[in-house]
Every structure is written in C-alpha cells, then in structure tokens.
Amino acid sequence: MRGNREGTVEPKLQRRLGTSDAVMIGLGAMVGAGLFSAFTPAAAAAGSALLISLVLAAALAYANARSSAQLAARYPTSGGTYAYGREVLGQWPGFIAGWGFVVGKTASAAAMALTFATYVVPDVWVKPVAAAAVLLLVSVNYLGVTRTAVAARVIVSAVLALLAVIVVMILAGGPSRPDYVPGAGTGILGVLQGAGLLFFAFAGYARIATLGEEVRNPRTAIPRAIGIGLGIVVVLYAAVAAVLISVLGPGGIAQSTRPLATALGDSWASPLVQIAAALASLGALLALIAGLGRTAMAMARERDLPHALSAIHPRFSTPHRAELAVGAAVLLLIFFFDLGTAIGFSSFGVLVYYLIANIAAVKQPRAERLNPVWLGVSGAIGCAVLVVTLPTSAVIGGTVMFACGIGYRAIRLRAFG
C-alpha cells in the first residue's frame, strides 16, 4: 500500500518480474516500433546521412536511458518520469511528462495496431482487425503482468529469429540494386529531423521504467534491464540500417513504405517480412498498453487523471480500469489515424518526456546520482534540439496536445483543488 498526496492509502502492484522479463518487455516495444516504420521517414529527412542520424538518436537514447535508470533506482514505482518529475521537480513538470507519455503513446499504440493489420489483411479489413488486436492484448495485460512478460518473450524471440533470416537473405541477394540511387544529404536540419524520427524507435525502454512497482530488486534490476535492452536494439538497428543502405541506398529506403520487403525483392523469404512485421507490431502494442496503463494509474493516484483509474485488480494485480480506458482510447484513435503522423506526434511527446527526465536527473542530490551531471545536461539539450527540429506538423500537433493537457489540469485544480 502507498499514500497519495491527500494521505489516503493506495493499493500497490505486486513485484512479479525479474530482470529478463523487464528486458523482454522493453525489447518488444523497441523492436516493433522502428524497424518496420521509422526508417522510411528518417531516410527521407536525412538522405545519405541516415547513419549519422541513427548515431545521434542512439547517443541521445543512451543519455536518456542513463538518466531514467538513475531516477528508477531512487524511485522504484509505477509511472516512470511522471513519478520522477513530481518527486524532483514538482507537480507541473511531472504532469507534463505524464501527459506527453499517455497521449503520445496512445497514438503510437493505434499506429502499431494499424501496422499489424496492414501486414496481415486486405485494406478493407485493416481497422476491424486492428481493433481486434487491441482487444486481445488488453485482455492479456488485464490478466497479469507475468502473462504480458511471457507473451513479450515469445514475440521478441520469434521476431529476432525471423530478422536474422531476412538480413542473411538480403545480403545473399547482392550488394546493391541498380534501380535505386543514394539519396542526397539534406543538411544539418535533415540530419536532426532524421534523428528525431529514429528516436521514436529507441524510446521503448521507457516501458521498463514504468514497471518500477512490479520488478523485483528494482534499484539494480531496472537500470540493468534498461542498459541491456537499449544495447541490443542499438546493435540491431545499426545492422539493419547498414544492410538497407548497402542494398537500396537512402533514396530507395525513403521511396519504400516497406524497405525490408523491397530489399528482399522476389526472394522466397519475402513473406517472412510480413510475419516479422506483424509480430513486432503486436509486441510493441503489448508493451505500450502495459506502460500506458501503469502511467495512467500513477496519474490517477494523484488525481491528474480520474481517480477511478487507480484501482488495482484484487486477483490479477493489474491496473485493470486504466488498461481498459487506454484500450478504449486506442480503439477510438484507430479510426482517425495514419502511421506517418503518429511517428512525429509520438516523437514530440516522448522527447518532452525525456527532457523532463534528464532535468530531474541533473537536479537530484549528489548522493543519489549514478551519472556525471554533463550526461544529463547533454540529454536535455539533445531532446530540446530534436523536438524543435521535428517536422512542422509534429511540432504543431504536439504543442496543441500539451496546451490541451495544461488547460485540463488548470481547470481541474480550479474546480477541485
């Protein structure tokens, strides 16, 4: 049990996850988010500097991950940066982080559901099947976090095995295809835009931090899980990016909505891309629902969302009302969405989320810091730079999103205190 700001006692989630479980849930979020969706818009922005954008995104992800791990070691509770921001910086910064995560990642969840359906059924069935996938994975999360971890382990293992076969087959097909030419560089703004869009792919380690109340030995397990998960994904993304560039060139990647399938051409392995993409999207959706439910629960505990969402199921030890509310929101967004808009919109929210995480890490007392101050400062500056260099539509949409959240909280405080 835990107390909220009004002194009432709130039920706590049970610590049922080990380090490997947390790693798999984080991998499920990161592998599914970017390999099949983020390279195309990033290549269009960065051109021949795509790998530079990838290095910048990975470096920023590392700084953010270290800050998140430092905060998680000190505050091992649900909610991630929402909780850390409140503890270190105050209620408003915490709310802004939580609002950005919940709204931005709800949009991401809708995008992942649509990506899954796009790969498995004809266009006319995409939205119904996407909705069915959401209902299925909300049910898995509802029944307990250990079931979420088992499902993530199965999905991630299958996706990594399929990707290994796909990459080998692409390399076996030859070093390049003459019908594609390398894209020209687009300057520093294009490189930064590409990095901001690719950051969308690495941001899944936030899901590990949101599980802080359910991981055993969280002070050591969460930092370790974040580091392991991010390290694996950086190597994986770099390898896939290098293979795609060698075969398609940046221009070819930018012109293809399914660059891995395009790189394979008419190979017998082409259906494997479809299977891997579908599974990876399900893995990302599973992790997103888990993280969103726990952040929404943490915000509800503090009345930053309706308090009814803070309930924990007496049998399954899950934030069942919050997960059902998240599922309903994702179902609604499925009918108003396209994938490209989702990536930019989500990147804006998540970059602001990590901006606050880095500032909170820098502001922690010296005795609580695990990292040098310059690392958190670098992460905060990187987030601020990338967020303002995102495509204009993402900046406008993200600004409106935060304005709505700030207005909502201001009205609630005025009405209820």
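**View 1. A nonpolar surface patch along helix 15.** Val373, Val377, Ile381 and Val385 of this predicted model form a nonpolar patch on the surface, with about 280 Å² of accessible area together. Patch members have over 30% relative accessible area and no salt bridge; nonpolar side chains (Val, Leu, Ile, Met, Phe, Trp, Tyr) are joined within 5 Å, like charges within 9 Å. Areas come from the Shrake-Rupley method with a 1.4 Å probe, and for residues only the protein chains shown count as cover. Val373 is found in helix 15. Its relative accessibility is 37%, so Val373 counts as partly exposed (buried means under 20% relative accessible area, exposed over 50%, partly exposed in between; 1.4 Å probe, protein chains only). Residues are numbered from 1 along each chain as its sequence is written, side-chain values use heavy atoms, and hydrogens and water are left out. Local features need pLDDT of at least 70 and side-chain atom pairs count only at pLDDT 80 or more, whereas totals for chains, interfaces and linings use all residues.

**View 2. The two sides of helix 15.** Helix 15 covers residues 373-388, 16 in number, and spans 23 Å from first C-alpha to last, close to the expected 22 Å. The expected span is 1.5 Å times one less than the number of residues. Helices (H or I, at least four residues) are DSSP runs, numbered from the N terminus. Leu375, Gly376, Gly379, Ala380, Gly382, Cys383, Leu386 and Val387 are buried in helix 15. These residues cover an arc of only 165° around the axis, which puts them on the same side of helix 15. The arc is that of the directions from the helix axis to the C-beta atoms. On the other side, Trp374 and Val388 are exposed.

**View 3. A salt bridge between helix 1 and helix 7.** Asp21 forms a salt bridge with Arg153, with the closest N and O atoms 2.9 Å apart. Asp21 lies in helix 1 (residues 19-34) and Arg153 in helix 7 (residues 145-172), so the pair ties together parts 132 residues apart in sequence. A salt bridge is a side-chain nitrogen of Lys or Arg within 4 Å of a carboxyl oxygen of Asp or Glu. Asp21 is buried at 16% relative accessibility. Arg153 is partly exposed at 32%. The whole structure holds 7 salt bridges.

**View 4. Glu368 and Arg74.** The side chains of Glu368 and Arg74 meet in a salt bridge at 3.0 Å, N to O. Glu368 sits in the loop between helix 14 and helix 15, and Arg74 in helix 3 (residues 50-74), 294 residues apart. Glu368 is partly exposed, with a relative accessible area of 22%. Arg74 is also partly exposed, at 34%.

**View 5. A salt-bridge network around Glu302.** Glu302 pairs with Arg86 in a salt bridge, the closest N and O atoms being 3.3 Å apart. Glu302 is in the loop between helix 12 and helix 13, while Arg86 is in helix 4 (residues 81-88), 216 residues away. Glu302 is buried at 9% relative accessibility, and Arg86 is buried at 15%. Salt bridges that share partners join Arg86, Glu302, Asp304, Arg409 and Arg412 into one network. Arg409 and Arg412 are among the buried residues of helix 16.

**View 6. Positive phi in the loop between helix 12 and helix 13.** Arg303 lies in this loop and has a positive phi of about 65° although it is not a glycine. Ser317 is found in the loop too, with phi near 50°. Ser317 is buried at 4% relative accessibility. Most residues other than glycine have a negative phi.

Technical notes:
Helix = DSSP H or I, 4+ residues; strand = E, 2+ residues; numbered from the N terminus.
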